[in-house]
Amino acid sequence: MEEKRRAKRMKVDMMLEISNLFKQDNIVIKNIDASIRVANISKSGIGFESKADLPVGYYFNAKIELGGSENALFAVIQIIRSEKREDSMFYGCQFIGMAPVLEFIFDEYEKTLND
């Protein structure tokens with residue numbers, strides 16, 4: 001199968017919490033308190049697993065730390081697809097409006113994986 005991803009995915013094991021989801025037109029879902037386990041990350045987005053049933057098309061704010069807090073980035077993430085797994089859901093998401101200057105964080109993280 002032909003690879004269609006815009007950026008190389010890298011394995012990562014990190015936990016995040018989603019407390020609110022939002023959509024354009026000021027639609028907000030509050031107090032979700034969903035734990036997610038991020039499985040992979042790329043310059044364009046993340047893949048994560050959760051027991052929560054989250055709606056596709058919604059956004060959330062995240063603080064992503066790759067290789068320590070000095071390489072933390074704050075991002076808006078949009079859920080673009082979901083897939084049912086055995087006892088959880090897997091979600092594919094994209095970063096929204098991330099400045100290209102922040103791509104160095106991913107380059108540095110990839111270097112640590114290859115060392």
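This is a short talk on the fold of one predicted protein model, and on a few residues within it.

Before the details, a word on conventions: the model is predicted, so local features are taken only where pLDDT is at least 70 and side-chain atom pairs count only at pLDDT 80 or more, whereas totals for chains, interfaces and linings use all residues. Residues are numbered from 1 along each chain as its sequence is written, and side-chain values use heavy atoms, with hydrogens and water left out.

Let me begin with the overall architecture. The secondary structure comes to one helix and eight strands, where helices (H or I, at least four residues) and strands (E, at least two) are DSSP runs numbered from the N terminus. Read along the sequence, the pattern is β-β-β-β-β-β-β-β-α. The radius of gyration is 14 Å, close to the 13 Å that the globule rule gives for 115 residues, so the protein is as compact as a globular protein of that length; here the radius is taken over C-alpha atoms, and the rule is 2.2 Å times the number of residues to the power 0.38. Along the principal axes, the C-alpha atoms fill a box of roughly 40 × 30 × 25 Å.

Of the 115 residues, 40% count as buried, which is to say under 20% relative accessible area, with exposed meaning over 50% and partly exposed in between, using a 1.4 Å probe and protein chains only. The accessible surface comes to about 7,400 Å², of which 48% belongs to carbon and sulfur atoms; these areas come from the Shrake-Rupley method with a 1.4 Å probe, and for residues only the protein chains shown count as cover. As for contacts, meaning heavy atoms within 4.5 Å, 53% of those between residues at least 6 apart in sequence join residues at least 24 apart.

Now to the strands, which I count as paired if DSSP finds at least two bridges between them. Strand E1, residues 10–18, runs antiparallel to E4, and seven bridges join the two, with Met15 standing opposite Arg37 in E4. What do the side chains along E1 do? They alternate: Met10, Val12, Met14, Leu16 and Ile18 point to one face and are buried, while Lys11, Asp13, Met15 and Glu17 point to the other and are not. This follows the general rule that in a regular strand the side chains alternate between the two faces of the sheet.

Ile18, which belongs to E1, deserves a closer look. Its relative accessibility is 1%, and therefore Ile18 counts as buried. Leaving aside residues up to four places away in sequence, Ile18 touches Ile32, Asp33, Ala34, Ile36, Phe48, Leu54 and Phe60.

One of those partners, Asp33, sits in the loop between E3 and E4, and at 53% relative accessibility Asp33 counts as exposed. Phi of Asp33 is near 50°, a positive value in a residue other than glycine. Asn31 is found in the loop between strand E3 (27–29) and E4, its phi is near 55°, again positive in a residue other than glycine, and at 64% relative accessibility Asn31 counts as exposed. As a general point, most residues other than glycine have a negative phi.

On the far side of E4, so to speak, is it buried or exposed that we should call Ser42? Ser42 lies in the loop between strand E4 (34–41) and strand E5 (45–50), and because its relative accessibility is 4%, Ser42 counts as buried. With residues up to four places away in sequence not counted, Ser42 touches Ala7, Lys8, Arg9, Phe95 and Phe106.

Turning to the later strands, E6 (residues 59–65) and E7 (residues 72–84) pair in the antiparallel sense over seven bridges, and Tyr59 stands opposite Gln78 in E7. E7 also pairs in the antiparallel sense with E8 (residues 89–96), over eight bridges. A hairpin through four residues joins E7 to E8, and the bridge partner of Lys84 in E8 is Met89.

Finally, the helix: H1 covers residues 103–114 and contains Thr112, which is partly exposed, with a relative accessible area of 48%. The C-alpha atoms of Thr112 and Leu66 are separated by 9.8 Å, although the two residues stand 46 apart along the chain.
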